[in-house]
Amino acid sequence: MILSHIQIEEIAAAVTKDFNEFFFGGRAAFETHYAQATPIDQLAGDYLGLRVSFAHLSDDGSICGLTAYTDTEYAATCQGVTRLIPLKANEVLLDSSFMEPGQVRARCGKRRFTLAHECAHQILFQMESDEARQTRRKTYSPRTAYSLRDLKTREDWNEWQANALGAALLMPQREIDRAMDYLAQSRKLVNYGGWFNYVDRAVLSQLCQTLGVSKSAAVIRLRQMGYLEDRPYEEYTDPLEVWP
């Protein structure tokens with residue numbers, strides 16, 4: 001299934017609207033003046049019916065999460081030792097580093113995005129035809145251990161779509177519009193080769209705290225939605241800088 005950006009945004013808007021009515025009830029219709037973060041844990045567990053658990057998935061941190069569409073096993077290699085981790089259908093497995101002491105707050109944005117990404121995989125899977133779903137289940141065939149790296153080489157487009165849908169679920173257009181209207185009067189932030197002036201940096205920081213996302217995820221989403229302008233570092237200027 002190949003989807004456009006517009007189609008992905010439409011799916012995210014429909015899912016978000018339905019989830020908000022499910023989770024917030026009558027309060028979903030109440031218009032607030034400011035943005036709110038997506039309760040992604042509740043969207044995964046209560047709304048999509050996914051079971052979330054944690055395990056050590058990789059030594060280098062390259063694998064943050066995974067999910068499958070049928071009962072299977074995942075072959076995780078850690079410190080040279082490969083072990084098989086049972087993975088049930090409708091289960092999301094996140095790396096245990098997200099729950100290590102001292103890392104819960106620091107890695108909150110990354111954990112939330114990883115979970116949103118896996119939720120997106122499950123949503124997109126349910127939208128496939130019966131034939132396509134059966135083919136995908138065979139890829140994760142029962143009692144067959146698989147490597148996520150191997151699967152990703154064959155599923156790059158699915159990974160891109162899951163990234164795009166995950167970002168739209170975690171940072172819905174409506175909430176981004178509200179946040180940018182409140183924090184920046186809907187003007188564009190300027191990215192000077194990875195640097196922001198003091199005012200824009202403060203806006204970006206507050207946006208990340210409000211929506212519970214990392215700076216890198218927010219920058220990508222703002223750029224996609226037209227709220228970010230990229231300029232070369234040589235043009236960097238900060239209105240609050242004072243030179244002698």
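Let me open with a question: does Arg178 count as buried or exposed? At 13% relative accessibility, Arg178 counts as buried, and I will come back to its partner in a moment, after saying that what we are looking at is a predicted model.

First, the chain as a whole. Its secondary structure comes to nine helices and eight strands, and of its 244 residues, 45% count as buried. The accessible surface is about 13,200 Å², with 53% of that belonging to carbon and sulfur atoms. If we take the contacts between residues at least 6 apart in sequence, 70% of them join residues at least 24 apart.

Now to the salt bridges, of which the structure holds nine; I will go through three of them. Arg178, the residue I began with, forms a salt bridge with Glu175, and the closest N and O atoms of that pair are 4.0 Å apart. For those of you who think about cut-offs, the criterion used here is a side-chain nitrogen within 4 Å of a carboxyl oxygen. Both residues belong to helix H7, and because they are three residues apart there, about one helical turn separates them. Glu175 also counts as buried, at 7% relative accessibility, just as Arg178 does at 13%.

The second pair is Arg51 and Glu91, whose side chains meet in a salt bridge at 3.3 Å, N to O. Arg51 lies in strand E1 and Glu91 in strand E5, so this pair ties together parts of the chain that are 40 residues apart in sequence. Here the two partners are placed differently with respect to solvent accessibility: Arg51 is partly exposed, with a relative accessible area of 49%, whereas Glu91 is buried, with a relative accessible area of 4%.

The third pair is Arg223 with Asp230, where the closest N and O atoms are 2.7 Å apart. Arg223 counts as partly exposed at 35% relative accessibility, and Asp230 is likewise partly exposed, with a relative accessible area of 42%.

Let me turn to the nonpolar interior. Which residues of the largest nonpolar core touch the most other members? That core has 37 residues, and the ones in question are Met171, Ile176, Met180, Leu189, Leu204 and Leu222. The elements that give two or more residues to this core are strand E5 (91–95) together with helices H2 (40–47), H3 (108–127), H6 (156–170), H7 (173–184), H8 (198–211) and H9 (215–224). The largest share, five residues, comes from H8. A second, separate core is made of 13 residues, including Ile8, Ala162, Leu165 and Ala168.

Leu204 is worth a look in the viewer as an example from the larger set. Leaving aside residues up to four places away in sequence, Leu204 touches Leu189, Phe196, Lys215, Ala218, Val219 and Leu222.

Finally, the surface. Where is there a nonpolar patch on the outside, and which residues form it? Val52, Phe54, Met99 and Val104 form such a patch on the surface, and together they have about 310 Å² of accessible area. Phe54 is found in strand E1, which runs over residues 51–55, and at 35% relative accessibility Phe54 counts as partly exposed. Strand E1 is also where Arg51 lies, with its partner Glu91 in strand E5, and that brings us back to the salt bridges.

Conventions. Residues are numbered from 1 along each chain as its sequence is written. This is a predicted model: local features need pLDDT of at least 70, side-chain atom pairs count only at pLDDT 80 or more; totals for chains, interfaces and linings use all residues. Side-chain values use heavy atoms; hydrogens and water are left out. Patches are made of residues with over 30% relative accessible area and no salt bridge: like charges are joined within 9 Å, nonpolar side chains (Val, Leu, Ile, Met, Phe, Trp, Tyr) within 5 Å. Accessible areas come from the Shrake-Rupley method with a 1.4 Å probe; for residues, only the protein chains shown count as cover. Helices (H or I, at least four residues) and strands (E, at least two) are DSSP runs, numbered from the N terminus. Buried means under 20% relative accessible area, exposed over 50%, partly exposed in between (1.4 Å probe, protein chains only). A nonpolar core is a set of buried Ala, Val, Leu, Ile, Met, Phe, Trp, Tyr and Cys residues joined through side-chain atoms within 4.5 Å. Contact means heavy atoms within 4.5 Å.
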